[in-house]
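Me: Could you take me slowly through the largest cavity, with what lines it and where that lining comes from?

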Amino acid sequence: MEDTAIETRGLRVYYGDFLAVRDVDLRIPRNRVTAIIGPSGCGKSTVLRALNRMNDLIPHVRVQGTVLFEGQDIYGPEVDPVEVRRRIGMVFQKPNPFPKSIYENVAWGVRINGFQGSRKELDDLVEQALRGAALWDEVKDKLGQSGLSLSGGQQQRLCIARAIAVRPQIILMDEPASALDPIATLKIEELMRRLAENYTILVVTHNMQQAARVSDYTAFFTTDPGRTGHLVEFGPTEQIFTNPKDRRTEDYITGRFG
Amino acid sequence: MNRSPAFAPNLSSRHRKGLIGLALFQLATLSSVVALMALLYTLVDHAFGYAAIEYQVYPGDLGMDIYRLDDLPPETLAQVLAEYLPPQVYRSLDQDRPLAGRPGPELAALVIQRVFQPKVVRTWSLTESLLQRERIAAQARAELPYAEVRFVDWINARFLSRPQSSDPLRAGVRTAILGSLWLMAIALFTGLPLGVSAAIYLEEYADRGHWFHRLVQANIHNLAGVPSIIYGILGLAVFVRGLAPITSGAIFGPAGATVNGRTLLSGGMTLGLLVLPLVIINTQEAIRAVPASLREAAYGLGATRWQVVWHHVLPVALPGIMTGTILALSRALGETAPLVVVGASTFITFDPSGPFDRFTALPIQIYQWTARPQDVFRNLAAAASITLLVLLLLLNSTAVYIRYRARQGR
């Protein structure tokens with residue numbers, strides 16, 4: 001097994017009394033793209049949001065178990081969720097740029113995290129982040145325009161630029177291309193491959209072809225009657241798609257259900 | 001058409017019911033429009049029209065126009081005073097301060113008060129004035145042979161710029177307008193920060209499932225419906241009586257300590273309390289309308305709750321907060337009952353100059369004029385009502401404009 005970026009042990013997430021994710025043990029390899037697939041309502045997104053404590057913001061959510069990141073449980077008492085979220089960034093399903101200029105969209109996260117460099121250094125950082133998200137050439141002449149003036153695919157890449165500008169180690173992507181057209185989707189997928197050189201990418205997707213195209217590893221979650229949100233199988237993407245060990249995985253990827 | 005036996009052929013009766021409903025809705029709309037028109041008509045009808053005025057000395061006899069006296073040289077006015085005033089009155093006035101040295105407007109006022117002594121003996125409505133001019137003229141000739149009949153606009157620049165007076169021809173609403181503006185400003189400065197802060201706490205920080213939060217929330221909605229006179233009683237007990245040393249300005253030195261706690265500050269803070277629940281509710285709604293995706297984006301970058309609120313939630317909610325606050329203030333602008341209880345003065349001729357002054361306000365002024373026995377004050381009340389309505393309209397259109405601008409920016 002490869003070097004681990006983040007690991008869950010016995011992860012359980014409750015919405016009130018409802019157990020949405022049960023007993024998940026998962027080791028996410030560093031600098032790889034890992035896809036999480038599974039039918040609707042199987043807890044994919046909930047697992048993802050448990051990894052940077054975004055679930056804390058939703059009332060009545062309880063998390064049990066441990067999530068080890070850099071040798072530390074991110075749910076430990078001395079850990080500040082604000083710091084966790086800077087180091088484990090997130091890109092959402094619907095592009096959600098701030099109603100500010102393109103430049104400010106990228107610079108804001110840097111600034112609020114206590115950036116102390118000069119204006120020039122900030123400019124460089126913004127350019128780097130936009131280049132990193134393959135957006136620089138399209139927006140370099142209009143950095144002052146509103147982020148909302150961009151197309152959907154560009155907006156999503158702006159959100160990725162915004163996420164990498166604060167130098168996270170892991171980027172969580174919650175169906176990042178599901179609201180985009182096929183061409184914009186392809187650009188995001190290429191970007192994910194490139195980002196994996198420097199970051200660990202976790203992507204939740206409904207689209208099995210996307211998972212097969214883009215990921216190195218795949219985790220399959222499902223929901224059986226009375227048993228929601230459990231991990232069925234985890235392994236190299238090629239193995240999951242060509243030679244699944246579990247019959248439920250096979251049924252799902254061959255399109256027999258889900 | 002294929003008609004299946006399971007469905008009764010009732011289409012025409014369904015349409016007929018729809019038409020009856022539509023007719024009712026149109027009737028309801030029409031009646032509200034008629035009611036509004038009637039209101040406007042009554043106000044305008046009283047704010048303009050012929051008035052019969054009797055004088056002790058007729059300005060026309062001296063070749064003067066009572067409304068143009070300020071244009072005349074002071075010497076002419078002093079001469080009129082010397083000629084028409086009883087000698088001993090003239091001497092005592094002159095001994096007070098030499099009449100020759102006094103400014104023109106002051107002399108003009110003296111000429112009107114002491115020499116012309118105009119008195120409005122009868123007024124006619126605008127409708128009568130327009131449609132029955134001959135009848136009015138005949139009536140005036142027969143019943144009021146000594147009166148001058150002239151067309152008076154009770155609302156005009158003079159009315160807006162003059163202080164209160166017991167002489168209806170000289171009374172104005174400047175004191176009341178200034179009082180109302182002071183009250184609005186004080187209400188804004190107390191209600192807005194308190195209301196916005198409370199709304200931010202309730203929306204962004206408090207645990208919404210907690211029983212205490214639910215209790216507070218329910219009570220804010222109840223408070224928004226509490227009759228305004230109750231707020232007046234609260235203001236009387238807390239601000240006028242309880243905090244009298246502060247609201248009278250006594251602790252800030254003797255300069256403001258001429259009155260008790262019945263000051264602009266007490267009135268304004270009472271109105272601030274009155275608008276507080278409205279500001280909280282409107283702000284909460286504006287904050288709730290900020291998309292959750294925006295908050296998530298900011299939290300996802302490692303922002304603290306305060307950074308999310310200050311940098312993203314408040315700027316996006318700001319137009320909504322401003323609109324809601326202005327609408328709440330426009331309710332306070334029309335409030336009369338709490339100000340009566342808190343102790344607005346009905347007759348004040350000097351402008352308020354600070355928060356520790358006694359005050360009157362437009363609705364108070366209107367109320368006081370309608371309560372007077374002389375008919376002519378009804379015309380002044382109508383003119384003041386129009387002033388109040390125009391102020392309200394200005395406030396509300398500001399709110400509409402802010403909302404429009406916010407939509408454009410999106």
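Reply: Let us start with the classes used for the lining: Ala, Val, Leu, Ile, Met, Phe, Trp, Tyr, Cys and Pro count as nonpolar, Asp, Glu, Lys and Arg as charged, and the others, Gly among them, as polar. This is a predicted model, in which local features need pLDDT of at least 70 and side-chain atom pairs pLDDT 80 or more, while totals for chains, interfaces and linings use all residues. Residues are numbered from 1 along each chain as written, chains are lettered from A and ligands numbered from 1 in written order, and side-chain values use heavy atoms, without hydrogens or water.

A cavity (a set of points, on a 1 Å grid over the protein atoms alone, where a 1.4 Å probe fits but cannot get out) is counted here at 30 Å³ or more, and the count comes to 1. The largest cavity holds about 30 Å³ of space, a volume being the space filled by probe spheres set on the points, which are joined across faces, edges and corners.

Its lining (residues with an atom within 4 Å of a point) consists of S180(B), L183(B), M184(B), L271(B), A332(B), L333(B), E335(B), L339(B), A361(B) and P363(B). Of these residues, 8 are nonpolar, 1 is polar and 1 is charged; the polar one is S180(B) and the charged one E335(B).

Two helices (DSSP runs of H or I, at least four residues, numbered from the N terminus) of chain B, α8 (174–205) and α14 (305–333), each supply at least two residues of this lining. The largest share, 3 residues, comes from α8(B), whose range takes in S180(B), L183(B) and M184(B).

Methods:
On a 1 Å grid over the protein atoms alone, a cavity is a set of points where a 1.4 Å probe fits but cannot get out, and a pocket is an open set with protein on both sides within 12 Å along at least five of seven lines; lining residues have an atom within 4 Å of a point.
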